[in-house]
Amino acid sequence: MSIDLNTSKGIVPNHIQESWKRCYSNGLDPTTINQDHILGEYELTEYYDKYEELLYYSSSILKDVHASIRGTEFLLLIATPEGYIIDTVGEPSFIRHADNVALRKGANWLEESKGTNAIGTAIVEKNSVLVHGSQHFWENNHFLTCAAAPILDSKGQLLGILNLSSYQQNYHPLTLGLVKRTAHSIEQALLLAHTQKQTKNFTKDLDFIYNHHPAPLITVNKEGTITRLNTAATRTIGYSEQAAIGKPISNILVEVNPLVPEQKFLLNNQVFTPHILTSDYRDQSYMLLRGETKQQNAALTNRYHFTDIISQDSKMNEMIAIAKKAAIIDINLLISGETGTGKELFAQSIHGASFRSNQPFIAINCSAIPESLLESELFGYEKGAFTGAKNQGQAGKFEAANGGTLFLDEIGDMPLTAQASLLRVLQERCITRIGGTTPRPIDVRIIAATHKDLQQEVEAGRFRADLYFRLNGFTLKLPPLRNRTDLLLLAEHILSQLPFKKENIELTEDAQTFITEYEWAGNFRQLQNVLQQAAFLANESRITKSLLLSLCPSPVKPIEKERTKSQKIMSLREHEIALIQQVLEQTNGNISRAAKQLDIGRNTLYRKMKEYGLML
Ligand SMILES: Nc1ncnc2c1ncn2[C@@H]1O[C@H](COP(=O)(O)OP(=O)(O)OP(=O)(O)O)[C@@H](O)[C@H]1O
């Protein structure tokens, strides 16, 4: 039998006639059945992952519909926009029959595979369709009556198809309406979940901004009671969150009358002005305490800014981007990297971009100070605290850095006793000088740096885990010079900034190759020293490889090349393991981002991680 395309329009709906035409033009024949393409278990799992949300929110709705039409012979199913059936629910007697024509999970029902049918035609039309009996292109499917409706996502894009199939003699005029309503319910459930997720994320973002906003923020209700305050406010007013919440604002800021705008008051030697930002529908007022800034001694402030960091290396650029974001949030930071990779350069740049930029930047190298003196250096001492102490006592680095940033270099070398004192200061936000009893409030941002692997130090018991977590608000890992891809840019930069005058200095081609292949153990400083000396010694302003070789302590290690030669060929499995490890590292163990980058589902990634023993 063939299909009569000229059937009167009144009997065969337009979209069915159009579909038949498409089938013929695709070279399909109503009597010759194509081999069905059924997805295997593994491929099907990929689709489950991809449409996880659709499956999750549609399954309970499908079960409800199933319960209400139980006893009738039907099959309800969900198909993907690619035409694959990924979920079914229905009556077992009909399911067995439907199975004969591959109306089951994993089968593809695009028009190209199965001719005119409700799923495939609804995908083309992006509209609900009824395909009844002989309207199906293939004779084998004539026993069916099917109604399908698209399920759209929150942006109006096709997310899936809901289809209800039964024996054609069970046709009921209300079926299409039921399918449309059910598809609509699924869309509503998805939309609701989406909105809830967005609201949750938005609230989380607001919470984060409120808590980490560098300016002191206090929320007060209409009775004048503090309902919330951020970290900067706790530091400014010298009350913990617990102590302040529930208290009348007038108890804490005694001189402040919330009704008098812009009234100045003095706290910890600094002048503040309360500034009502807004009041919301619950009559909560959001108050900002604006501090008046004092002009600082230029020598105490930082010398470097982000514009001083030279980089065209992707890892380094990633670190710069993170550092810029971290700069505007007032949390502690940990910078790790070998010596000379730019840890202090970063710390100063972060300080310079933070709201503390016109306050002091104080650096202290924890490994350069004898253990017995470190605590007095950090916290200061009162007169007569120890033999040799100055008569009038002395402020420590914390006091010197008050309001600004304290850079604790080589924190990994800090002795355990000093670590305990530091932790106490970070928790209590006040210091007591050695030999003294008066606690002094301190408002300092800590940027710590280390060339050691602090996590390993924690495991080895040489570094306190609680201090590690306190310091580790954000971590920046700076790459060593030998791993950087922009060595020639750095070399050019160094040659353009020579401390003496040298015209048209240039690197020969073999000198350039040398620079990119040499293992620069001393990082930027070593490259700088070698190039400055070479520029000074160079004949006719040409820096050659042999000149560089004579200035470098050890011979070139053409690491990459030798490694490539001796590299054993990796198996596909080893490649996969290495790739997953690399992506997990890049995404800091974020499964969703890693899966997206690898272009696989999250469940698949979990499965592989489990299989390869890569669980985090
Ligand atoms: N990407 C870069 N761009 C410009 N200058 C750099 C860069 N990286 C490092 N430097 C320079 O290298 C020198 C060493 O940097 P810095 O002192 O910040 O390193 P560090 O990691 O703190 O070293 P250490 O551990 O020895 O204290 C500084 O003069 C700094 O300006």
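**A five-stranded sheet and a helix pair**

In this predicted model, helix 3 (residues 52-68) lies across strand 1 (74-79), strand 2, strand 4 and strand 5 (158-167), and runs at about 20° to strand 2. Helix 7 (residues 175-212) also packs on strands: it lies across strand 3, strand 4 and strand 5, at about 25° to strand 4.

Now for the sheet itself. It is an open one of 5 strands, ordered 2-1-5-4-3, and the pairing is antiparallel. Strand 2 (85-90) and strand 3 (129-132) sit at the edges with a single partner strand each, so one side of each has no neighbour in the sheet. From one strand to the next, the twist averages 20°. At the strand 3 edge, 4 bridges tie strand 3 to strand 4 (residues 144-152), the two running antiparallel. Within this pairing, Val 129 stands opposite Ala 148 in strand 4.

Further along the chain there is a helix pair to look at. Helix 18 (residues 487-496) and helix 20 (residues 523-537) have axes that come within 10 Å and cross at roughly 55°. That angle is why helix 18 counts as oblique to helix 20. The crossing of helix 18 past helix 20 is right-handed. On the helix 18 side, the contact uses Leu 490, Ala 491, Ile 494 and Leu 495, which meet Phe 524, Leu 527, Gln 528, Leu 531 and Ala 535 in helix 20. Sorted by type, the residues of this contact come out as 8 nonpolar, 1 polar and no charged.

Note on methods: Residues numbered from 1 in each chain as written. Predicted model: local features only at pLDDT ≥ 70, side-chain atom pairs only at ≥ 80, totals over all residues. Axes fitted to C-alpha atoms, helices over the stretch in contact; angles between N-to-C directions. Parallel < 35°, antiparallel > 145°, perpendicular 65-115°, else oblique. Left-handed = near helix turned anticlockwise from the far one by under 90°. Contact = placed C-beta atoms within 7 Å. Nonpolar A, V, L, I, M, F, W, Y, C, P; charged D, E, K, R; others polar. Pairing = 2+ DSSP bridges.
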